[in-house]
Every structure is written in structure tokens, then in C-alpha cells.
Amino acid sequence: CPGYRLISINGRRSALATYDCSQPGPCAQADLTLEPLAVIEGHVLDSNGMPVENIGVELRQSAAGSRSRFRRAVSDDRGYFRLFHLPPGDYDLVPQPGSGLAEGIEWKGDPQHLSLGPGDVISGAQVQLRLTQGVEISGRIEGLAPGTRQVTLLFQRPNSNSGRTFSKQVEVDEEGRFKLSGAQLGRYEVDLLLRNTQTPSGEMTRTYLGPVEIIPAGGGLTL
């Protein structure tokens, strides 16, 4: 039944029951126990209360040891989203803004914790977003081959199911120094991507450089 999930058949927690219907007449009678499912609907808004479209809203199970994505919706041009067929439980409602609006500028939002009971309808959920401006950082990459003038740095959030990453191609001088603009604040694991010019295909090699934390006025990085 739409909007419900099957809990038991004839008191047994099973989705399968077998009956002998080889004889004429009524075949069988079954008692079904159904549980109504929950619905969450609401809007994605900016700091001025205006709707924001094309923003992913994910519902993740927040039980201990489980951070998996359970349902996902995308806001429309009114900022509206709807998540349905939700079993009871504890969840985190997590905004996923996707790509930035411009170099170093992107939406940010904080997760919300929700507890859903059977048949709950939450119709006024609000996901608040704010614009953040990236910062400029400078640093030095040690151990580069002589003559290397351009590299790609890949920044990835540690222990993140969302897989949020950003990469930047930067120019380096003869001592490996670089400047990078539009970096978002936070903790990252950093990899170095270099194109191998010694092979015909020019395949990329990837080298792990280590963890970094980008903070306001945090100074330079040595990688």
C-alpha cells in the first residue's frame, strides 16, 4: 500500500506467506499489520529568507555506526523539496549544495537532527544556507622534479561520506612555492596530481601529501 510498509503477516514478521488454493471457494484469509511511513517537506532558504533552487537535501540515518544516505531530494525554483516513504527512526537532514557559484564562493549549510515516528508529516522544514568566501593560501611543495612548473592539488574532506573534494591547478616556481585562491576553510587530506610526460598517454600520478587545516590567516603550507 502506498505510504505504508508491511510489518507482519498473521502476526509473523515476514513478507512471505504460502497458501493452498487448489480447491474451489475462498482461498485464505490473512491479517496484515501495516505501519504508516513519514514525510518531510520544506524549503531551502538563504540568509535573507529567499528560496534557493537546485540544492540537494539528503536524509541520512544517524544511528550509531551508520552514516549512509537514505533518501535524497533536490529543491525546485521555489526552494521546495519533499522526502517520503520514510520509516520511523533518527535521521540527519544534510544540505548538499554541490558546485560553487563562482571562484571561491559557495553555499554552506548545517545538518539538522530529526526523529520520525510512524506516519509523521513534517511540512515546515527549513534548510538554511549561507554564502562563504574562500581564502588565499600560499605554500611550498617539497621534492618536485626539476623543471616542474604546474601541478594539481586535490583536497578531500577526511571521513566524509559526501565525498566533498575540490582540486586546484597551481603554478610553482623553481623552489616549489605556490599561491592558491578560493580555498574553503576546513580540514583536508591533500594529494598531488602530476602528469607523467615520459609516457605516450601522459597518465596522471597521484601522491598523498598529508593532512592540512585551512583557517583564517593561517599562514603558509609546507607539503
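## Two positive phi values in a predicted all-chain model

Asn 54 is exposed, with a relative accessible area of 58%. The model that contains this residue is predicted. Asn 54 lies in the loop that runs between strand 3 (38–45) and strand 4 (56–61). Its backbone is also of interest: the phi of Asn 54 is near 60°, a positive value in a residue other than glycine. Most residues other than glycine have a negative phi.

A second residue with a positive phi is His 85, which is not glycine and has a phi near 55°. His 85 belongs to strand 6 (residues 80–86). The relative accessibility of His 85 is 35%, so this residue counts as partly exposed, since that class covers values between the 20% limit for buried and the 50% limit for exposed.

The table sets out the two residues.

| Residue | Phi | Relative accessible area | Location |
|---|---|---|---|
| Asn 54 | near 60° | 58% | loop between strand 3 (38–45) and strand 4 (56–61) |
| His 85 | near 55° | 35% | strand 6 (residues 80–86) |

As for the protein as a whole, the secondary structure consists of 17 strands and zero helices. The protein has 223 residues, of which 35% count as buried. Its exposed area is about 13700 Å², and carbon and sulfur atoms supply 48% of that area. Where contacts join residues at least 6 apart in sequence, 61% of them are between residues at least 24 apart.

Conventions: Residues numbered from 1 in each chain as written. Predicted model: local features only at pLDDT ≥ 70, side-chain atom pairs only at ≥ 80, totals over all residues. Heavy atoms only, no water. Helix = DSSP H or I, 4+ residues; strand = E, 2+ residues; numbered from the N terminus. Buried < 20%, exposed > 50% of the residue type's maximum accessible area, 1.4 Å probe, protein only. Contact = heavy atoms within 4.5 Å. Areas by Shrake-Rupley, 256 points an atom, 1.4 Å probe, with all protein chains shown as cover.
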